[in-house]
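User: Please take a close look at a single part of this model and describe its surroundings step by step. I would like the cut-off behind each term to be given where the term is brought in.

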Amino acid sequence: ILFLMMTSVGDPVSTMGGRQRVASKDRDRLVRQLGLDQPIHMQYLFWLVGNDWYRIDTDGDGAGDAYGTRQGVLRGDFGSSFRERRPALDVIGDRIPATLLLMITAEILTVILALVIGIYSALRQYTFADNLITALAFIFYSMPIFWIALSLLWIFSVQFKQAGLPYLPTVGMFEPGQPVTPLEIARHMVLPVASLSLISIAGYSRYIRANMLEVINADYIRTARAKGLSSRRVLWRHALKNASLPLVTLIGLDLPFLVGGAVVTEQIFSWPGMGQLFISSLDRADFPVLMGLLMLIALLVVVFQILTDLVYGWLDPRIRLT
């Protein structure tokens with residue numbers, strides 16, 4: 001289904017010449033060489049199992065002149081990017097470090113702050129602090145990501161610069177022509193990480209609060225307190241482990257898509273990751289790269305769901321014993 005949708009978004013040949021129009025004879029030759037003249041089911045078979053068994057008509061005389069050399073996805077070959085003329089996996093691999101740097105930082109910050117805020121709010125149920133946290137959580141969770149990102153840009157870059165205050169950079173991972181240092185990259189990460197984290201912290205903290213309230217009123221928590229265990233031990237050793245199960249589920253569902261790149265955030269901040277690669281490949285109808293990204297996300301969904309099940313057993317012995 002995804003292959004059918006991706007191959008229907010545009011014409012890759014029309015974008016290969018840049019601003020120059022592709023000559024008619026060159027266009028026909030490229031269409032034949034790329035296999036785009038074949039029916040959609042044949043294109044899918046070429047992509048899936050390869051076309052080394054199929055003779056390609058490269059000059060349009062009706063006779064097969066050369067054998068295809070593509071090995072197919074099932075044999076580890078995702079084809080070559082139509083735009084960059086390189087293997088699609090190499091193009092994706094160049095963007096993975098930037099995406100991982102951004103997404104892992106945002107996820108670690110999200111989990112830590114969500115745990116602290118959620119537990120604090122649960123232990124002070126219905127106090128002014130709890131009501132304030134609840135209100136802020138609903139506000140941030142209701143905001144679209146592009147609104148948060150543009151608001152942070154306007155405040156901490158535009159307004160701070162106009163006021164003569166130290167301001168944060170707006171685009172990229174570093175300033176062109178300047179030394180690339182960890183501090184410089186960290187400065188460029190502040191706004192995109194904050195944009196990604198605010199919505200997730202709001203959602204995660206609500207789950208933590210709700211589950212902590214359910215767990216701390218359970219019978220086994222009262223039993224642990226009756227045995228004389230300290231409040232800190234009861235909280236961190238007994239309550240939090242069971243309250244963390246829904247959070248583990250959320251993280252297991254979020255991580256594959258974080259690795260795939262935050263499309264909107266990377267576009268707004270011109271972050272050179274896989275989200276930006278997906279949009280640029282979509283504009284150019286670069287099918288091999290698009291399908292490589294989608295296959296990577298699908299694979300990670302399966303892997304992280306298996307890891308989530310394993311973590312369940314570690315957190316809750318009842319699951320492991322059954």
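Analyst: A residue is called buried when its relative accessible area is under 20%, exposed when that area is over 50%, and partly exposed in between, the area being taken with a 1.4 Å probe on protein chains only. By that measure Thr110 is buried, since its relative accessible area is 2%. The model is a predicted one, in which local features need pLDDT of at least 70 and side-chain atom pairs count only at pLDDT 80 or more, while totals for chains, interfaces and linings use all residues. Residues are numbered from 1 along each chain as its sequence is written, and side-chain values use heavy atoms, with hydrogens and water left out.

Thr110 belongs to helix 4, which covers residues 88-123; helices are DSSP runs of H or I with at least four residues, strands are runs of E with at least two, and both are numbered from the N terminus. The side chain of Thr110 comes to 2.7 Å from the backbone oxygen of Ala106, a polar contact (a pair of N or O atoms within 3.5 Å, one able to donate a hydrogen and the other to accept it, with residues adjacent in sequence counted only if both atoms are side-chain atoms). Leaving aside residues up to four places away in sequence, Thr110 touches Ser197, Ser200, Ile201 and Tyr204, where contact means heavy atoms within 4.5 Å.

One of these partners, Ser200, leads on to the second largest pocket, whose volume is about 420 Å³. Of the 18 residues in its lining, Leu196, Ile199, Ser200, Asp254 and Leu258 are the closest to the centre. A pocket here is an open set of points on a 1 Å grid over the protein atoms alone where a 1.4 Å probe fits, with protein on both sides within 12 Å along at least five of seven lines, and lining residues have an atom within 4 Å of a point. The volume is the space filled by probe spheres set on the points, which are joined across faces, edges and corners.

At least two lining residues come from each of helix 4, helix 7 and helix 10 (245-259), and helix 7 contributes the most, with six residues. By residue type the lining of this pocket holds eleven nonpolar, five polar and two charged residues; Ala, Val, Leu, Ile, Met, Phe, Trp, Tyr, Cys and Pro count as nonpolar, Asp, Glu, Lys and Arg as charged, and the others, Gly among them, as polar.

Helix 7, running over residues 182-216, also holds both Glu184 and Arg187, which are three residues apart, about one turn of the helix. Their side chains form a salt bridge with an N to O distance of 3.5 Å, the term standing for a side-chain nitrogen of Lys or Arg within 4 Å of a carboxyl oxygen of Asp or Glu. Glu184 is buried, at a relative accessible area of 14%, whereas Arg187 is partly exposed, at 30%.

For the wider setting, the count of salt bridges comes to six, and Arg83, Glu84, Arg86 and Asp94 are joined in a network of them. The protein chain has 14 helices and two strands, and 41% of its 322 residues are buried. Of the contacts in the chain between residues at least 6 apart in sequence, 63% join residues at least 24 apart.
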